[in-house]
Amino acid sequence: MRSSAVKTFLANSTMYGCSNMNDILEFIEDIEELKALYNTGELRNFDFEAMLSKYNRTVDLFEREYEMDDGA
């Protein structure tokens, strides 16, 4: 379960610049890459794990930044 920082982020999606058009386009590009791997039969669990790890790191960074700003 994610912290309240993520819930606040979802409510204020432009806060901290974490949900901008570039982020969305990057996410779409990642999904399209998974689709291409699926279509060629080369999709593996590792591909999902790598993408999940990437986006979990992004969320973790956001949470740390949010908590630092919240404490200031």
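This passage walks through a predicted model of one protein chain, with most of the attention on helix α2 and its surroundings.

Taken as a whole, the protein chain contains three helices and zero strands, and reading along the sequence gives the pattern α-α-α. Of its 72 residues, 15% count as buried. Among contacts between residues at least 6 apart in sequence, 62% join residues at least 24 apart. Since the model is predicted, confidence deserves an early word: the chain averages a pLDDT of 79, and 69% of the residues score at least 70. Among the elements of the chain, α2 has the highest mean pLDDT, at 92, while helix α1 (residues 4-11) has the lowest, at 51.

Helix α2 is thus a good place to begin a closer look. It runs over residues 21-39, 19 residues in total. From its first C-alpha to its last, α2 reaches 27 Å, close to the 27 Å expected at 1.5 Å a residue. Its buried residues are D30, L34 and L37. Viewed down the axis of α2, these buried residues fall within an arc of 60°, so they line one face of the helix. The other side of α2 carries the exposed residues M21, E29, E32, K35 and N39.

Two further residues of α2 belong to neither of these groups. I31, which lies in this helix, has a relative accessibility of 38% and counts as partly exposed, because that value falls between the 20% and 50% limits. I31 is 20 residues from M51 in sequence, and the two are 9.0 Å apart in space, C-alpha to C-alpha. F27 is likewise partly exposed, at 39% relative accessibility, and it brings the aromatic residues into the picture.

The count of aromatic pairs comes to two. In one of them, the ring centres of F27 and Y55 are 5.3 Å apart and the ring planes stand at 80°, so the pair is edge-to-face; the cut-off for that class is an angle over 60 degrees. This pair links distant parts of the chain, with F27 in helix α2 and Y55 in helix α3, 28 residues apart. Y55 is partly exposed, with a relative accessible area of 21%, a value that sits between the limits of under 20% for buried and over 50% for exposed.

The stretch following α2 offers some local detail as well. T40 lies in the loop between α2 and α3 and counts as exposed at 52% relative accessibility. The side chain of T40 reaches back to the backbone oxygen of L37 at 3.1 Å, and L37 is one of the buried residues of α2. Just after the helix, G41 takes a positive phi of about 75°. The backbone oxygen of G41 is in turn reached by the side chain of R44, at 3.1 Å. R44 lies in the loop between α2 and α3, the latter helix spanning residues 45-70. R44 and L34 are ten residues apart in sequence, and their C-alpha atoms are 9.2 Å apart in space; L34, like L37, is among the buried residues of α2.

Conventions. Residues are numbered from 1 along each chain as its sequence is written. Side-chain values use heavy atoms; hydrogens and water are left out. Helices (H or I, at least four residues) and strands (E, at least two) are DSSP runs, numbered from the N terminus. The expected span of a helix is 1.5 Å times one less than its number of residues. Buried means under 20% relative accessible area, exposed over 50%, partly exposed in between (1.4 Å probe, protein chains only). The arc is that of the directions from the helix axis to the C-beta atoms. A polar contact is a pair of N or O atoms within 3.5 Å; within protein, one must be able to donate a hydrogen and the other to accept it, and residues adjacent in sequence count only if both atoms are side-chain atoms. pLDDT is the predictor's confidence in each residue, from 0 to 100. Rings of Phe, Tyr and Trp (its six-membered ring) pair if their centres lie within 6.5 Å; planes under 30 degrees apart count as stacked, over 60 as edge-to-face and the rest as tilted. Contact means heavy atoms within 4.5 Å.
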